[in-house]
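Reader: I'd like to learn how to read aromatic contacts and pockets in a model. Could you walk me through them?

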Amino acid sequence: MHGFIPVSKPLTNAADVAAVAHLVEGGWLSGDAPVVGEFEDLMASYTNRRFAIAVNSGTSALDLAIESLQLTSRDEVILPSFTIISCLNAVLRRGAKPIFVDVDSDTWNVSAESIATAINSRTKLIIVPHIYGLPADIEKIEQLALSQGIPLIEDSAEGLGLSIRGRPAGSFGTMAILSFYANKVITTGEGGMILTDDADLADKLKRLRNLGFNSHRRFVHDMLGWNFRMSALSAGLGLSQAKRIDDQVTLQRSRGTHYQSLLRESSVLRMPLDSHDGVENIYWVFGFEVRAELQFSARDFMSALDRRGIGSRPFFYPLHRQPVLKDYGFEVQPTLPVAERLGERGLYIPSLGTTAMEREQVAKAVLDIANSGPKN
Ligand SMILES: *Cc1c(COP(=O)(O)O)cnc(C)c1O
């Protein structure tokens, strides 16, 4: 018997442990420690940005980025339905109207064309995530946003390390965000970052992160903020991990291409694209669709994997179908067939931290279930 294979194993090494231990020993713990600034500087330079603002999660990064734009209930925000709730939270809390667009059937990402058709005079923000390691149409969307004067947030939580014709993910839009959750390309346990080239926005984001403190008189507040600071311990781990981003991406991509070669033969599974528009998939996760011909859902497939000691996760549940929309008065939504199909038929299997032998074991189980049904 083999042990259970989890869907992801965070990658940490002795240098990470030493970096964190060094901070603990030195009494550098809070978000005011210099190591936070060092981590920000390194990530700003990696993503070719002027400013980086470290926070305590990718969701907090999105919350602050959206908050900084001061949307009102008259404003509309365009975002794909096939993404995580973090992209939507602050939009709803500000009372702005989300305009959900569908994603491409092959790349699972949003295209510039579908964003273009959703733009009108009320559009005040476009949010574009890169999904599962493939790039969204971010160059064209950036051009579109610039030409219309609409702010753009690039959600690069899953895209760190993507290179888009020489430009790093994280370098697009008014602001970009990163996540350092334990299953992301690099991790700080929990953590995130906002990236921007706009000095005024950077200043505002720093104040929003830190209780709305201003630089003139401590404890006098002319705006409200949050405590979303990143701790020194997280930043120390991140700084150590960030030295390995490129190695990590290379390794993760090789895991993805390994799965592609192992799973090629199945006609009932729909594999992810290995590249899109000349940009290589970095396989943040390795996901696939269970085709409709197979008389069972992704859920059945996951249970069958679980019985074989293999972890998996379902794809995102479409945002335009989230029950919480009702509480904000946005219950009536269009049908978005691709997002709905992916939510129903997509799953991802262990990749981050797996060995070649584990992937062979997983692929064998996947093919076995695809060929013989989920019941055995
Ligand atoms: C992980 C993720 C986030 C949120 O990051 P957390 O650090 O988990 O809050 C946001 N957007 C996308 C696309 C993500 O995958």
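Author: Happily! This is a predicted model, and a good place to start is its aromatic cluster, which is formed by Phe82, Trp108, Tyr132, Trp284, Phe315, Phe316 and Tyr348.

Reader: How many aromatic pairs does the structure hold?

Author: There are 17 aromatic pairs in the structure.

Reader: What describes a pair of aromatic rings?

Author: Two values do the job: the distance of the centres and the angle of the planes. Take phenylalanine 82 and phenylalanine 315, whose rings are 5.7 Å apart centre to centre, with 55° between the planes. That pair is tilted, because an angle has to be over 60 degrees to count as edge-to-face and under 30 to count as stacked.

Reader: Where in the chain do phenylalanine 82 and phenylalanine 315 sit?

Author: Phenylalanine 82 is in the loop between strand 2 and helix 4, and phenylalanine 315 is in the loop between strand 14 and helix 11. The pair links distant parts of the chain, 233 residues apart.

Reader: Why does phenylalanine 82 count as buried or exposed?

Author: Phenylalanine 82 counts as buried because its relative accessibility is 0%. Phenylalanine 315 is buried too, with a relative accessible area of 4%. The cut-off for buried is under 20%.

Reader: What about tryptophan 284 and tyrosine 348?

Author: They form a tilted pair, 6.5 Å centre to centre and with 50° between the planes. Tryptophan 284 lies in the loop between strand 12 and strand 13, while tyrosine 348 is in strand 15, so the pair ties together parts 64 residues apart in sequence. Both tryptophan 284 and tyrosine 348 are buried.

Reader: Which charged end sits over the ring of phenylalanine 172?

Author: That is the charged end of arginine 167, 3.8 Å from the ring centre. In another case, arginine 218 lies over the face of phenylalanine 219, 5.4 Å from the centre of the ring.

Reader: Now the pockets, please. Which residues lie nearest the centre of the largest pocket?

Author: Ile84, Ser86, Glu158, Lys184 and Phe316 do, out of 29 lining residues. Phe316 is also a member of the aromatic cluster. The volume of this pocket is about 470 Å³, and its lining divides into 15 nonpolar, 10 polar and 4 charged residues. Helix 3 gives the most to that lining, with 3 residues.

Reader: What is the volume of the second largest pocket?

Author: About 200 Å³. Its lining residues include Phe315, Arg299 and Glu340. Helix 10 and helix 11 each give two or more residues to this lining, which divides into 6 nonpolar, 3 polar and 3 charged residues.

How values were computed:
Residues numbered from 1 in each chain as written. Predicted model: local features only at pLDDT ≥ 70, side-chain atom pairs only at ≥ 80, totals over all residues. Heavy atoms only, no water. 1 Å grid on protein atoms, 1.4 Å probe; cavity = no way out; pocket = protein on both sides within 12 Å on 5 of 7 lines; lining within 4 Å. Points joined across faces, edges and corners; volume = space filled by probe spheres on them. Helix = DSSP H or I, 4+ residues; strand = E, 2+ residues; numbered from the N terminus. Nonpolar A, V, L, I, M, F, W, Y, C, P; charged D, E, K, R; others polar. Phe/Tyr/Trp six-rings, centres within 6.5 Å; stacked < 30°, edge-to-face > 60°. Buried < 20%, exposed > 50% of the residue type's maximum accessible area, 1.4 Å probe, protein only. Lys NZ or Arg CZ within 6 Å of the ring centre and 35° of its normal.
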